[in-house]
Every structure is written in structure tokens, then in C-alpha cells.
Amino acid sequence: MRNRLLNLYSRNAQIGAGIKAEGNTIYLYDYIAGSEADAQWWGGVSAEGFTRQLMAMDGDVSVRIDSPGGDVFGGRAIAQAIREYDGKVTCHIDGLAASAASYIAISGDHVVAAPGAFMMIHRAWTLMIGNSADFRAEADLLDKIDASIAASYAAKAGGETDWIALMDKESWFTGDEALALGLIDEVLPEQGGKAANAGKRGWNLSAFDHPPVNKIPAPAPEPVPEPAPAPVPSDADEIAARQRRLAVDLLTQSA
């Protein structure tokens, strides 16, 4: 069985843009690392790096997200830093908020999805070595992690949605679907003349089971023109051809 975590990290290591702050906006355009050391080795954004940027700001803040997810506890720490920030935090899903990035997104005071943005929720993954007892204990821990994440979705959305069931089948939501479930607060309208989803980075999502595919049909192939039919000789053409053949025959006989 493929190792999903290593797949996610290694195949997106050169795609992410790390973390960047401009004014009171933080761009989280990378996957979530478990520590600063992991971020330096694998790439990605650590909770330490994000929190340093956030705590250096005053007033209301925007967090712009385009991330395939990553470390569950790194994501939890980032989400908690957002919740504890003194000012209002608006989280914008510019492209993708998958896995750990999904509960970072919902930690904002106001959650906005760009046109064409997606959110994905699923059960937690792990990587470990050990004996059968170790694996049983790890499975119990994963169940607790799943339950805590489901509780966060429920707290944001309200209602009686079975979040574990949705996580179990790796659910991908459009902005409108996430809005209907209560995970976000707003879907931005399309803006004519402006490129939507400037943050979308073309993540390698092969670690996941059911990533969304491009629903836009491929353009129809250019029609191949049929060859023009051979011209049908007219009676005059046929008579002229016979006259030429007769002339050739006569010249041959007289030679």
C-alpha cells in the first residue's frame, strides 16, 4: 500500500509557496508541516512560522488558503492561533482547503470561498512502525483524532450532519456544497474580466482516493475534411480524350 503522507509531502515539495505576509494578509499557499524542522526539511508551513506572522499583526486579518493539508497537529495549532487572535480573522479559500487545511479554514470568524474553490474532509492518516499492539493503539488514537475533527466541523456547521460518515468516504465539496453544509459563510460571485482562483497551484492530489477531476469536456477534434471527389469527365472531355488517343495511334502507325 502506498504511503499517503510521504506521497503528499514529496510530490508537492516544489509546488507550495510557503507562507507570505503582506500588510494584514497572510498567504498560506503550501501544505502543513508538523514542526519548523519538518518545514525546513520537507517544505511547507509550520505552526510556529504561521503564528509568528499572525502575532506580528494588529487589527483585522485575512488568511488566504490554498493547501492540500498535511500534519493534523500542525493544523490544529494554526487553527487555535487564528481563534485566539484579538482581531477579526477572515479565512479565504482561494483554491483548495483539504484535510488539515479544512479545519484551519473554518477557524476564522468569517469563511469565504472563491469561485471554483474546493474543500475536502477525510479520516486521519498516520505513518508508524511497531508490533500488533502498537498498531491497535495507533488505530484507537486515529479514531480519537477523527472524532475531534468531526466535532470541529459540527461546531462550525451546527445541525445533525454525520461528519464521520462524510470523512470516511473522503468528501470533496464545492463552495456551494460547503455553504449548504454550514462549513463556510459565503461564496464569492464570479467577476467578469478577472482571473478567478489566482491562488490555485495545481497540487498533486494522487495521495487521495477521490480528488476532483476537470469536468469541462475536452474540445471536439477539428473535423477532417473529406477528400474532394474525383471530377467526372463530361462528354466533351471524353470526346477530346478519344481524339488525342486516336492521334497518337495514327502517329505510331505512320512512324
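## His122 and its polar contacts

His122 sits in the loop between strand 6 (118-121) and helix 6. The model that contains this loop is predicted. With a relative accessible area of 8%, His122 is buried, because buried means under 20%.

Two polar contacts involve the side chain of His122. One, at 2.8 Å, is made with the side chain of Ser99. The other joins the side chains of His122 and Trp125 at 3.5 Å.

## Ser99 and Glu170: positive phi

Ser99, the partner of His122 in the contact of 2.8 Å, belongs to the loop between strand 4 (89-98) and helix 5 (100-105). Its relative accessibility is 12%, so Ser99 counts as buried. The backbone of Ser99 has a phi of about 55 degrees, a positive value although the residue is not a glycine. Most residues other than glycine have a negative phi.

Glu170 also has a positive phi, near 50 degrees, and is a residue other than glycine. Glu170 is placed in the loop between helix 7 (163-168) and strand 7 (171-174). Its relative accessible area is 7%, and Glu170 is therefore buried.

## Helix 4

Helix 4 covers residues 72-84 and has 13 residues. At 1.5 Å a residue the expected span is 18 Å, and the end C-alpha atoms are 18 Å apart, so the expected and modelled values agree. At the N-terminal end of helix 4, Asp71 acts as a cap: one of its side-chain oxygens lies 3.0 Å from the backbone nitrogen of Phe73.

The buried residues of helix 4 are Val72, Gly74, Gly75, Arg76, Ile78, Ala79, Ala81 and Ile82. An α-helix has 3.6 residues a turn, so residues three or four places apart point the same way. Which elements do the buried residues of helix 4 pack against? They pack against strand 2 (25-28), helix 3 (47-55), strand 4, helix 5 and helix 6 (132-157).

## His92 in strand 4

Strand 4, one of the elements packed against helix 4, contains His92. Is His92 buried or exposed? Its relative accessible area is 14%, which means that His92 is buried.

Leaving aside neighbours within four places in sequence, His92 is in contact with Ser62, Val63, Arg64, Ile65 and Val112.

## Thr174 in strand 7

Strand 7, which follows the loop of Glu170, holds Thr174. Thr174 has a relative accessible area of 29% and is partly exposed, because that class lies between the limits of 20% and 50%.

When residues up to four places away in sequence are not counted, Thr174 touches Ala117 and Phe118. Thr174 and Leu96 are 78 residues apart along the chain, and their C-alpha atoms are separated by 9.7 Å.

## The chain as a whole

The chain has 255 residues, of which 40% count as buried. Its secondary structure comprises nine helices and eight strands.

Among contacts with a separation of 6 or more, 69% are between residues 24 or more positions apart. The chain exposes about 14600 Å², and carbon and sulfur atoms supply 55% of that area.

Technical notes:
Residues are numbered from 1 along each chain as its sequence is written. This is a predicted model: local features need pLDDT of at least 70, side-chain atom pairs count only at pLDDT 80 or more; totals for chains, interfaces and linings use all residues. Side-chain values use heavy atoms; hydrogens and water are left out. Helices (H or I, at least four residues) and strands (E, at least two) are DSSP runs, numbered from the N terminus. Buried means under 20% relative accessible area, exposed over 50%, partly exposed in between (1.4 Å probe, protein chains only). The expected span of a helix is 1.5 Å times one less than its number of residues. Contact means heavy atoms within 4.5 Å. A polar contact is a pair of N or O atoms within 3.5 Å; within protein, one must be able to donate a hydrogen and the other to accept it, and residues adjacent in sequence count only if both atoms are side-chain atoms. Accessible areas come from the Shrake-Rupley method with a 1.4 Å probe; for residues, only the protein chains shown count as cover.
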